[in-house]
Amino acid sequence: EPFQITEIKVLSPGTVKITWDSMAGVNYQVQSRDSLSSGSWATNATVLATGASTSYTNTPVPYPSRFYRVVAPAQ
């Protein structure tokens, strides 16, 4: 099912908190990469949702920019 990212909050330079609508019992992968035009997506975490909203906070990264996405792999 489609789901929506509901909040992206910068906590400090290089650290963000991503919150999305979720379905309990589904594993979501938080992925990132340095560029949208090249490179592969690296999985930062797999998060098991326990309710209708799930969050992930990354560890600080020293990059000037970082792109994130949340995917729900086929179960």
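This report describes the sheets, the nonpolar core and a few polar side chains of the structure shown above, which is a predicted model.

## Two open sheets

One open sheet has three strands in the order 1-2-5, and the pairing within this sheet is antiparallel. Strand 1 and strand 5 are the edge strands, each pairing on one side only, and the twist averages 15° from one strand to the next. Strand 1, which covers residues 5-12, is joined to strand 2 over six bridges in the antiparallel sense. Along this pairing, Ile8 stands opposite Ile18 of strand 2, while Val10 stands opposite Val16, again in strand 2. The hairpin made by strand 1 and strand 2 has two residues between the strands, and Gly14 in this hairpin takes a positive phi near 85°.

Another open sheet of three strands has the order 4-3-6, also with antiparallel pairing. Strand 4 and strand 6 stand at its edges with a single partner strand each, so one side of each is left without a neighbour in the sheet. In this sheet the twist averages 20° from one strand to the next. Strand 3 and strand 4 run antiparallel and are joined by six bridges, and in this pairing Ser32 has Ala42 of strand 4 as its bridge partner.

## The nonpolar core

In soluble globular proteins, nonpolar side chains tend to be buried together. The largest nonpolar core here has eleven residues in all, namely Val16, Ile18, Trp20, Val26, Tyr28, Val30, Ala45, Val47, Ala49, Tyr56 and Val70. Strand 2 (15-21), strand 3 and strand 4 each supply at least two residues of this core, and strand 2 gives the most, with three residues.

Two members of the core illustrate its surroundings. Val16, placed in strand 2, counts as buried because its relative accessibility is 17%, which falls under the 20% limit. Leaving aside neighbours within four places in sequence, Val16 is in contact with Lys9, Val10, Leu11, Tyr56, Thr57, Asn58 and Tyr68; of these, Tyr56 is itself a core residue. Val70, with residues up to four places away in sequence not counted, touches Phe3, Ile5, Ile18, Trp20, Tyr28, Gln29 and Val30, a list that includes the core residues Ile18, Trp20, Tyr28 and Val30.

## Buried polar residues in strand 3

Strand 3 also holds the polar residues Ser32 and Gln31. Ser32 has a relative accessibility of 1% and counts as buried, and Gln31, with a relative accessible area of 7%, is buried as well. The side chains of both residues make polar contacts, which are listed below with their distances.

| Residue | Partner | Side-chain polar contact |
|---|---|---|
| Ser32 | Asn44 | 2.8 Å |
| Ser32 | Arg66 | 3.0 Å |
| Gln31 | Gln29 | 2.9 Å |
| Gln31 | Arg69 | 2.7 Å |

Not counting residues up to four places away in sequence, Ser32 touches Ser40, Trp41, Ala42, Asn44, Arg66, Phe67 and Tyr68. With neighbours within four places likewise left aside, Gln31 is in contact with Trp41, Ala42, Thr43, Asn44, Phe67, Tyr68, Arg69 and Val71.

## Arg66 and the salt bridge

Side chains of opposite charge can pair when their charged atoms come close. In this model the count comes to one salt bridge, which Asp34 forms with Arg66, the closest N and O atoms being 2.2 Å apart. This pair links distant parts of the chain, 32 residues apart: Asp34 lies in the loop between strand 3 (27-33) and strand 4 (42-48), whereas Arg66 lies in the loop between strand 5 (53-57) and strand 6 (67-71).

Are the two partners buried or exposed? Asp34 has a relative accessible area of 40% and is therefore partly exposed, and Arg66, at 24%, is partly exposed too, because both values fall between the limits of 20% and 50%. Arg66 thus appears in two of the interactions described here, since its side chain also makes the polar contact of 3.0 Å with Ser32. Arg66 can further be placed relative to the core residue Val16, from which it is 50 residues apart in sequence and 9.9 Å apart in space, C-alpha to C-alpha.

How values were computed: Residues are numbered from 1 along each chain as its sequence is written. This is a predicted model: local features need pLDDT of at least 70, side-chain atom pairs count only at pLDDT 80 or more; totals for chains, interfaces and linings use all residues. Side-chain values use heavy atoms; hydrogens and water are left out. A salt bridge is a side-chain nitrogen of Lys or Arg within 4 Å of a carboxyl oxygen of Asp or Glu. Helices (H or I, at least four residues) and strands (E, at least two) are DSSP runs, numbered from the N terminus. Buried means under 20% relative accessible area, exposed over 50%, partly exposed in between (1.4 Å probe, protein chains only). A polar contact is a pair of N or O atoms within 3.5 Å; within protein, one must be able to donate a hydrogen and the other to accept it, and residues adjacent in sequence count only if both atoms are side-chain atoms. Contact means heavy atoms within 4.5 Å. Two strands pair if DSSP finds at least two bridges between them. Axes are lines fitted to C-alpha atoms, for helices over the stretch in contact, and angles run from 0 to 180 degrees between N-to-C directions. A nonpolar core is a set of buried Ala, Val, Leu, Ile, Met, Phe, Trp, Tyr and Cys residues joined through side-chain atoms within 4.5 Å.
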